[in-house]
Amino acid sequence: MDNGNKLRPTFHITGGDGWINDPNGLVVFRGRYHVFFQYHPYSTEWGPMHWGHVVSDDLMHWQRLPIALTPGGDGDADGCFSGSAVVYNDKLYLMYTGFTKNAGLDTERQVQCLAESDDGIHFVKRGVVIDSDGIPLGYSATDFRDPKVWRHDGKFWCVIAARKLDGRGRTLMYSSDDLLSWRFVGDMLGEDCKGVMTECPDYRDTEGLFLASEQSQPPEGNVHLNYHTTRWTLGKLDYGTGRFTPKDSGICDYGFDFYAPQSFENEPVMIGWMNMWDRSMPSAQYGFTGMLTVPRRISVKDGELSQTPIVTKKEVVRKTNVKSVKDRIKVGVTEIAAENLREFSLLMRKGDGAVTTFTLSNGEWVFDRSRSGERITGVETNADSLAGVRRMPFDGKKKTEITVVFDEFSIEIFVNGKSLTSTVYPPHNADGLELNVDADTCEYVRYDAD
Ligand code: FRU
């Protein structure tokens, strides 16, 4: 992406300047990948939400397109909140949440709106398609957002985050024949979520996969330590009642910075927001805040969500049978494949007194950004958060495959399909890498961005 001479990530989508949060409207339209995102172009802080827009032929090289949605229309006076996209009759449709601060009452309103485009670049708003009177009794009209649309059996279906007036977050399912008129089908889980409010639900028919983010979900042991979190759930959806019967469930990402992921309806690829609400964002000093994760190919392996990063890469170093490696990397990718791994220590972005570590310690992976560089502060009070630490289970399999995506201001680590994603702000020339491994065999490969 062309960012001029500005200090920006290479692999990761940003708004260029200004603030971004959730990825929106992930869709393949006429063979090209479109990604939209929550965008406030005029400041590095969240504000009236627009939809920013980028496009790619390969999910790796992105081109910036004009802003797709600007708030100020029917139902979206104060913001175009998160939503999704679908292709219908060779047109691209965006279904999103219109936000009004004060709808003549002393309260906020969230309604679902539609916009359409002939060319995938310019959008015409079609107005409100699910108004407050389309919300079932007992659910709030102020917390009703983030529609994710998909097709099944010749109809459109969507899941929308909602909240019980006397309770917490829910996910409601609707269906439609034409995207304009929607019918309430059911409350997917039929019980409150663990956090205060559900956000950005996503359902994938092919995998039976339900993704949902939750505001202020309490920690469970060593997971869900971020103040807001995202979990995956595998199960079975009954299209007649809208009821989803959950089976297996887990956290989507073990790192500090991952929220509100969305998948492409027509491709098993997911992208998340690589930040966290209620945290400081040191990148504001460079004129931008908010990044998206790299696209991740998703599948179900052994009853769990599995993710592999999609990044452009050109091999520059390959070493086999390594026990220790010293290298340099600031922006690029390393792949480490080991058999019967017993010990592992990876020092990253080392230099000028800073270091970020990823180690195998007492049978679990430990990521430590306490000495990474510029401090990031948050509202979390659990011991690991205060210590700058995140942990991920070690599966102890014969083969351990690790991919680390290094970029300006972030490190994304993937181990056998599990991910741990965090922002980091090291000194600018800190690029040292040191690997120490005890395993039967170990291969190390380093790639530059291509
Ligand atoms: C999630 C979220 C969504 C909302 C959007 C507003 O991060 O709070 O629920 O639509 O951000 O920007």
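# A ligand and its aromatic surroundings

In this structure, a polar side-chain atom of R145 comes to 2.8 Å from an oxygen atom of the ligand. Keep in mind that this is a predicted model. Around the ligand there is a shell of residues to get to know, and elsewhere the chain has plenty to say about aromatic rings, with 26 aromatic pairs counted. Here's a quick tour.

**The ligand and its shell**

- The ligand is surrounded by N21, D22, Q38, W46, M49 and F81, and also by S82, R145, D146, E199, Y259 and W277.
- Sorted by character, that shell has five nonpolar residues, three polar ones and four charged ones.
- Strand 1 (18-29), strand 5 (79-88) and strand 9 each chip in with at least two residues of the shell.
- R145 isn't alone in reaching the ligand: a polar side-chain atom of W277 is 2.9 Å from a ligand oxygen.
- With S82, the backbone does the work, as one of its polar backbone atoms lies 3.1 Å from an oxygen atom of the ligand.
- On its own the ligand would expose 320 Å², and the protein buries 95% of that.

**Aromatic pairs**

- The count of aromatic pairs comes to 26.
- One of them is F36 with W51: the ring centres are 5.5 Å apart and the planes sit at 50°, so this pair is tilted.
- F36 belongs to strand 2 (residues 32-40) and W51 to strand 3 (residues 50-56), so the pair ties together distant parts of the chain, 15 residues apart.
- Both partners, F36 and W51, are buried.
- Then there's W150 with Y239, an edge-to-face pair with 6.5 Å from centre to centre and 65° between the planes.
- This pair also links distant parts of the chain, 89 residues apart: W150 is in strand 9 (residues 139-152), while Y239 is in the loop between strand 15 (229-238) and strand 16 (243-251).
- W150 has a relative accessible area of 3%, so it counts as buried.
- Y239 is buried too, with a relative accessible area of 14%.
- W150 and Y239 are also part of a cluster joined by ring pairs, together with W157, Y203, F210 and F244.

**Charges over a ring**

- F256 has the charged end of R369 sitting over its ring, 3.8 Å from the centre.
- R390 lies over the face of F256 as well, at 4.1 Å from the ring centre.

**A buried asparagine**

- N275 is found in the loop between strand 18 (267-273) and strand 19 (288-289).
- Its relative accessibility is 4%, so N275 counts as buried.
- The side chain of N275 reaches over to the backbone nitrogen of M291, at 3.0 Å.

**Far apart in the chain**

- F11 lies in the segment before strand 1.
- With a relative accessible area of 6%, F11 is buried.
- F11 and V405 are 394 residues apart along the chain, and 8.5 Å separates their C-alpha atoms.

How values were computed:
Residues are numbered from 1 along each chain as its sequence is written. This is a predicted model: local features need pLDDT of at least 70, side-chain atom pairs count only at pLDDT 80 or more; totals for chains, interfaces and linings use all residues. Side-chain values use heavy atoms; hydrogens and water are left out. Rings of Phe, Tyr and Trp (its six-membered ring) pair if their centres lie within 6.5 Å; planes under 30 degrees apart count as stacked, over 60 as edge-to-face and the rest as tilted. Helices (H or I, at least four residues) and strands (E, at least two) are DSSP runs, numbered from the N terminus. Buried means under 20% relative accessible area, exposed over 50%, partly exposed in between (1.4 Å probe, protein chains only). A charge sits over a ring if NZ of Lys or CZ of Arg is within 6 Å of the ring centre and within 35 degrees of the ring normal. A residue is near a molecule or strand if one of its heavy atoms lies within 4 Å of it. A polar contact is a pair of N or O atoms within 3.5 Å; within protein, one must be able to donate a hydrogen and the other to accept it, and residues adjacent in sequence count only if both atoms are side-chain atoms. Accessible areas come from the Shrake-Rupley method with a 1.4 Å probe; for residues, only the protein chains shown count as cover. Ala, Val, Leu, Ile, Met, Phe, Trp, Tyr, Cys and Pro count as nonpolar, Asp, Glu, Lys and Arg as charged, and the others, Gly among them, as polar.
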